[in-house]
Amino acid sequence: MGQLNMRAVHKTYGTMEVIKGIDLDIAHGEFVVFVGPSGCGKSTLLRMIAGLEEITSGEVQIDGKRVNDLPPVKRGISMVFQSYALYPHMSVYENIAFPLRVEKMKKAELDARVRRASAILKLDERLGHKPGQLSGGQRQRVAIGRAIVREPSVFLFDEPLSNLDAALRADMRVELSKLHSELDATMIYVTHDQVEAMTMADRIVVLDGGLISQVGSPLELYHKPANLFVAGFIGNPKMNFLPVVCESSGLDGVTVRLEDGGKLRLSVAGRPGMEGQKLTLGIRPEHLTTGGGDLQLTLLPRVIERLGMQTVAYASYGKDETPFTAVLAGSAPAAVNQPLHLGIAGSDCHLFDRDGVAFERDVALTDLDPTQLLQAAS
Amino acid sequence: MIDRYRWWEYVLIYLGLGLLLVFVLAPFVEAFLVSLRPLDGLFSIPYRFVTEGMSFDAYFTMWKSVPLLWRYMLNSFFIAAAVTVLGLMAIIPASYAFSRFEFKGRNVMMGCFLAVNMVSGAVLIIPLYKVMQNLGLLNTYFAMIAPGVAFVIPTGIWLLRSYLMKIPPELEEAALVDGAGRLYTLVRVIIPVAMPGIMVVAITTFIAAYAQQFLYALTFNSVNELNPLPVGLYQFFGRQHVVWNELMAASLVGILPVLLLYVFLQKYIVAGLTAGAVKS
C-alpha cells in the first residue's frame with residue numbers, strides 16, 4: 001500500500017554530490033521524519049521521492065515498483081510544500097478539487113471527496129474563500145486537503161509548519177498526528193525542527209552531509225545516539241562534550257579520567273585496547289544535578305536564563321573554558337560568575353571514540369519507566 | 001519613508017511637473033483648438049487661443065467629407081486588436097519557456113530579440129514588400145497584421161518573461177504533483193496568476209500596434225476600404241488645401257479608443273509594472 005524502499009540513492013549536481021548513497025526502507029503506515037541541519041540534503045531526498053528531482057543513480061521503489069522515471073502523479077504520492085503553493089486565483093474548494101479536476105473525475109464523486117477532505121480538516125466554512133483571505137493555519141490545512149483528496153499511499157511534507165507561529169505550530173503538530181492515525185497512510189516529513197521530529201515520528205532519519213547518520217525511534221536517538229553528530233543534534237539545549245582519557249575498558253563498563261583528574265565509570269559496552277586513548281564524554285544538560293551524582297564538576301556560569309519551570313546555565317568548564325550548558329530546577333541556586341558544583345551520574349553519560357562513534361549504552365528503551373508502572377499498579 | 005518638503009521645494013516640484021505636462025499635452029490642446037476653428041481662423045497672426053466662430057461643426061462634417069472614416073477607425077481597431085491577440089498567442093508560451101526552461105541558446109535568443117527591437121520596421125519595409133508581393137498578400141488585412149505581430153513579439157517576451165520569473169516555481173511543482181501536465185498548468189495556473197502581467201503586455205502591444213500600422217498600411221495596402229485611420233486621414237488633404245479642422249477632429253476621435261482603454265486599464269499597468277518589486 002504505502003511501502004517505500006530506497007537503494008543506494010545518489011544525487012549529483014554537476015560535480016557536487018548532494019546525496020551520497022541512501023538505503024532506507026519505510027513500511028506502510030509509518031510516520032518517518034527526515035531531520036538534519038540546513039544543506040544536509042533532506043529536502044532534496046524528499047523531492048527525489050516526489051519525482052521533482054531526478055535520481056542520479058540508485059533506485060526508489062514505492063509498493064515494490066521502481067518509480068525512478070515516473071512522474072509524481074504515477075508514483076502514488078502527494079506533497080505539501082513549505083510555501084503551501086496554493087493556487088491564488090482559485091477558491092479553497094477548487095484548490096482542493098484541483099487534482100481531481102486533472103483526473104477529470106465525475107462531478108458527484110469529486111464533490112463528495114472534497115467535502116470529506118474539508119470535513120476532516122474543518123474547512124467547511126471556508127470553501128468559498130480565496131487563499132488570500134485565509135490565515136496561515138487555514139492555508140496550511142488547504143494545502144493538506146489538496147494532498148489527501150487524491151488518497152495517495154504516501155504523503156510527503158516539506159517543512160510544512162515552518163511558516164506558522166509557535167502556538168499554531170503546536171496545534172498543527174497534534175492535528176497532523178491525528179490525521180496520520182485517521183488516514184492509515186505512510187507519511188514522510190522533512191523538518192529542521194527536532195521538536196517536530198521527536199513529537200510526531202515513528203522513526204527519525206537523521207541526515208548529515210548527504211548520508212544517513214542514524215535511523216531510529218525518537219527515544220532511541222535520544223538515549224542511544226550512534227555518533228557525535230546525532231548526539232549533538234538531538235536534544236535541546238545540545239549535549240555537552242568533554243575530552244576524557246580511557247582508564248579501563250570492559251564489556252560491562254568503561255572508566256574514564258577527566259582533565260581535572262576525576263574518574264567516572266560509565267555503563268557502556270567497552271572495546272578491548274581502549275586504555276590510554278582520548279575519548280569524548282557526552283552528558284546532556286538536563287542530566288546534571290545539584291549535589292549527588294557519581295562525580296562533581298565545577299562550572300562557571302556566564303549567562304543564566306530563568307524560565308520558571310527550569311533554569312538554564314550557560315557556563316564554562318575547566319581551564320580551556322569549554323562551553324557547558326546545564327538545565328537545573330527552576331529555583332536552582334545559580335548565579336553569574338559564581339562557581340557551581342554539579343553532579344553527573346555515570347549511567348547518564350555517553351561515550352564516543354576518536355571517530356565520533358558511540359559506545360553502546362546499557363539502557364532499556366521503553367517509553368514508560370517500569371518503576372512508575374509498578375507504582376501506578378499498586 | 002517619510003518625505004517632508006519645504007514650501008519652496010513643493011513650488012519647484014510642481015513647476016517642474018507643470019512644465020513637463022505642458023510640453024506633453026500642448027499638441028493635444030492645439031489639435032483640439034484647431035478642430036474647433038473655422039478654416040479661415042487657423043492662421044491668425046498674432047496667435048490667439050480663441051478665434052471667432054469656434055464650433056464643433058468639424059466633428060459632424062468630417063463624416064461627410066470622408067465617408068469611409070468610420071471604416072478606417074474600425075480597421076485601425078481591428079488591426080491593432082488582431083496584432084494583440086496573435087502576438088499574445090506567441091508571447092505567452094514563449095515567455096513561459098524562456099522563464100522556466102534551461103535550453104541551449106536561451107540567452108543568445110533573448111539577446112537577438114533585443115537586437116531586433118533596435119531595428120526599425122522602416123528598414124525592412126522594402127524586403128517585406130517583396131515577400132508580400134511574392135506571396136500574393138499585398139492589399140490584404142494579413143499584410144498589415146503579420147509584420148505588426150512579428151515586431152511586437154520580442155518586446156512582449158521581454159516584458160512577460162520578467163513577470164513570469166517572479167511566480168514561485170512551487171506553484172508549478174504543486175500542479176505537477178497533482179498530476180497536471182505542462183500545458184494544463186500553463187492554462188489553469190500560470191496564465192490566471194500572471195493575468196496582471198499579461199494585461200500590461202496586451203496593452204503595450206495594442207498601443208504599439210496602433211501606432212505602427214501606418215507604415216505597413218502605406219506600403220502594403222492600396223485598397224481604400226482596408227486602410228487604417230492614419231492612412232485614411234490623408235483624404236482630408238485636398239488638392240488645393242488641407243481641411244485642418246476636420247483632420248484634427250478625426251485624429252482626436254481616432255485616438256479615443258486607445259485613450260479609453262488606457263484610462264480603464266491603467267490600474268493594471270501600474271500594478272503589473274510594480275508587482276513583486278516589494279515583498280508584500
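Two strands pair if DSSP finds at least two bridges between them, and helices (H or I, at least four residues) and strands (E, at least two) are DSSP runs that are numbered from the N terminus. This is a predicted model, in which local features need pLDDT of at least 70 and side-chain atom pairs count only at pLDDT 80 or more, while totals for chains, interfaces and linings use all residues. Residues are numbered from 1 along each chain as its sequence is written, and chains are lettered from A and ligands numbered from 1 in the order in which they are written.

**Stop 1: a sheet in chain A**

Select strand 12 (residues 253-258) and strand 13 of chain A, which run antiparallel and are joined by 4 bridges; within this pair, V254(A) has L266(A) in strand 13 as its bridge partner. Widen the selection to the open sheet of 5 strands, whose order in chain A is 13-12-11-14-20, with antiparallel pairing. Strand 13 (263-266) and strand 20 (350-352) of chain A stand at the edges with a single partner strand each, so one side of each is left without a neighbour in the sheet. From one strand to the next the twist averages 40°, where angles run from 0 to 180 degrees between N-to-C directions and axes are lines fitted to C-alpha atoms, for helices over the stretch in contact.

**Stop 2: another sheet in chain A**

Now select the open sheet of 5 strands with the order 15-19-16-17-18 in chain A, where the pairing is antiparallel. Its edges are strand 15 (289-290) and strand 18 of chain A, each with a single partner strand, so one side of each is left without a neighbour in the sheet. Strand 15 of chain A is joined by 2 bridges to strand 19 (residues 340-344) of chain A, and the two run antiparallel; here T289(A) stands opposite G343(A).

Move next to strand 17 (residues 310-317) and strand 18 (residues 322-329) of chain A, which pair in the antiparallel sense over 8 bridges, with V312(A) and V327(A) as bridge partners. These two strands form a hairpin with 4 residues between them, and G318(A) in the turn has a positive phi of about 75°.

**Stop 3: the two domains of chain A**

Colour chain A by its domain assignment, which gives domain 1 (4-228) and domain 2 (229-370); such bounds come from an automatic or database domain assignment. The domain centres, taken over C-alpha atoms, are separated by 36 Å. Their contact takes 15 residues from domain 1 and 18 residues from domain 2 of chain A, two residues being in contact if their C-beta atoms, placed from the backbone, lie within 7 Å. On the domain 1 side, helix 7 of chain A gives the most, with 5 residues.

**Stop 4: where chain A touches chain B**

Show both chains: the contact takes 17 residues from chain A and 14 residues from chain B. On the chain A side, strand 6 (77-80) and helix 2 (92-103) are the elements that give two or more residues, and helix 2 gives the most, with 4 residues.

**Stop 5: a helix pair in chain B**

Finish with helix 7 (residues 169-177) and helix 8 (residues 182-193) of chain B, which pack at an angle of about 155° with their axes 11 Å apart. These helices are therefore roughly antiparallel to each other (angles under 35 degrees count as roughly parallel, over 145 as roughly antiparallel, 65 to 115 as roughly perpendicular and the rest as oblique). L171(B), E172(B), A175(B) and L176(B) in helix 7 meet T185(B), V189(B) and V193(B) in helix 8 of chain B.
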